[in-house]
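Colleague: I would like to go through this model with you step by step. Could you show me the sequence and the structure before we begin?

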Amino acid sequence: MCEASAFVVKGDKEELFLERVDKLIPTEEGLLLENIFGQRKVIKARIKRLELVDHRILLEREE
């Protein structure tokens, strides 16, 4: 499996945002994440870090 879990980083804590993400698309509204089940979420955030081996996407909310 190549999908990843997306987390929102708050200080030293990580909050799960969406599991099994296979698409991350930048849009004018923010980042559109879509998982293998077709579930979509949009978040105003920037990518803080990608951990590809660990299948993790770390996001930081934009104010």
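**Reading the model**

Modeller: Let us begin with one residue, keeping in mind that the model is predicted: arginine 49 has a relative accessible area of 40% and is partly exposed.

Colleague: Which elements make up the protein chain, and in what order do they run from the N terminus on?

Modeller: The protein chain has zero helices and six strands. From the N terminus on, the order of its elements is therefore written with strands alone, as β-β-β-β-β-β.

Colleague: In what order do the six strands stand in the open sheet?

Modeller: The pairing in this open sheet is mixed, and the twist from one strand to the next averages 45 degrees. Read across the sheet, the six strands come in the order 4-3-2-1-6-5.

Colleague: Which strands stand at the edges of the sheet?

Modeller: A strand at an edge has a single partner strand, so one of its sides is left without a neighbour in the sheet. This is the situation of strand 4 (40-43) and strand 5 (45-51).

Colleague: What residue in strand 2 stands opposite phenylalanine 7?

Modeller: Strand 1, with residues 4-10, and strand 2, with residues 13-27, are paired in the antiparallel sense over six bridges. Across from phenylalanine 7, the residue to look for in strand 2 is leucine 16.

Colleague: And what is the bridge partner of leucine 50 in strand 6?

Modeller: Strand 5 and strand 6, the latter covering residues 56-61, are also described by an antiparallel pairing over six bridges. In strand 6, the partner that bridges to leucine 50 is isoleucine 57.

Colleague: Which residue in the hairpin of strand 5 and strand 6 takes a positive phi?

Modeller: Most residues other than glycine have a negative phi. This hairpin has four residues between the strands, and the residue in question lies in the loop between strand 5 and strand 6. With a relative accessible area of 34% it is partly exposed, and its phi is near 60 degrees; the residue is histidine 55.

Colleague: What is the phi of arginine 20?

Modeller: Arginine 20 lies in strand 2, and with a relative accessible area of 38% it is partly exposed. Its phi is positive although the residue is other than glycine, with a value near 55 degrees.

Colleague: How far apart in sequence are the parts that glutamate 3 and arginine 20 tie together?

Modeller: These two residues form a salt bridge in which the closest N and O atoms are 3.8 Å apart. Glutamate 3 lies in the segment before strand 1 and arginine 20 in strand 2, so the pair ties together parts separated in sequence by 17 residues.

Colleague: Is glutamate 3 buried or exposed?

Modeller: The cut-off needed here is that buried means under 20% relative accessible area. Glutamate 3 has a relative accessibility of 14%, so it counts as buried.

Colleague: Which residues are linked with Glu14 in a network of salt bridges?

Modeller: Glutamate 14, which is partly exposed at a relative accessible area of 38%, forms a salt bridge with arginine 56, with the closest N and O atoms 2.8 Å apart. Glutamate 14 lies in strand 2 and arginine 56 in strand 6, so this pair ties together parts that are 42 residues apart in sequence. Glutamate 51, which is buried with a relative accessible area of 18%, meets arginine 49 in a salt bridge of 2.8 Å, N to O. The residues linked with Glu14 in the network are Arg49, Glu51 and Arg56.

Colleague: How many salt bridges does the count come to?

Modeller: The pair of glutamate 3 and arginine 20 is one of the salt bridges, and the pair of glutamate 51 and arginine 49 is another. The count comes to eight.

Colleague: Which residues make the nonpolar surface patch of about 300 Å²?

Modeller: One of them, isoleucine 47, lies in strand 5 and counts as partly exposed at 37% relative accessibility. The patch is made by Ile47, Leu50 and Leu52.

Colleague: What is the radius of gyration of the protein chain?

Modeller: The C-alpha trace spans about 30 × 25 × 15 Å along its principal axes, and 35% of the 63 residues count as buried. A compact globule with 63 residues would have a radius of gyration near 11 Å, and the protein chain agrees with this, having 11 Å.

Definitions and conventions
Residues numbered from 1 in each chain as written. Predicted model: local features only at pLDDT ≥ 70, side-chain atom pairs only at ≥ 80, totals over all residues. Heavy atoms only, no water. Pairing = 2+ DSSP bridges. Helix = DSSP H or I, 4+ residues; strand = E, 2+ residues; numbered from the N terminus. Axes fitted to C-alpha atoms, helices over the stretch in contact; angles between N-to-C directions. Buried < 20%, exposed > 50% of the residue type's maximum accessible area, 1.4 Å probe, protein only. Patch = residues over 30% accessible without salt bridge, like charges linked within 9 Å, V, L, I, M, F, W, Y side chains within 5 Å. Areas by Shrake-Rupley, 256 points an atom, 1.4 Å probe, with all protein chains shown as cover. Salt bridge = Lys/Arg side-chain N within 4 Å of Asp/Glu carboxyl O. Rg over C-alpha atoms; globule rule 2.2 N^0.38 Å.
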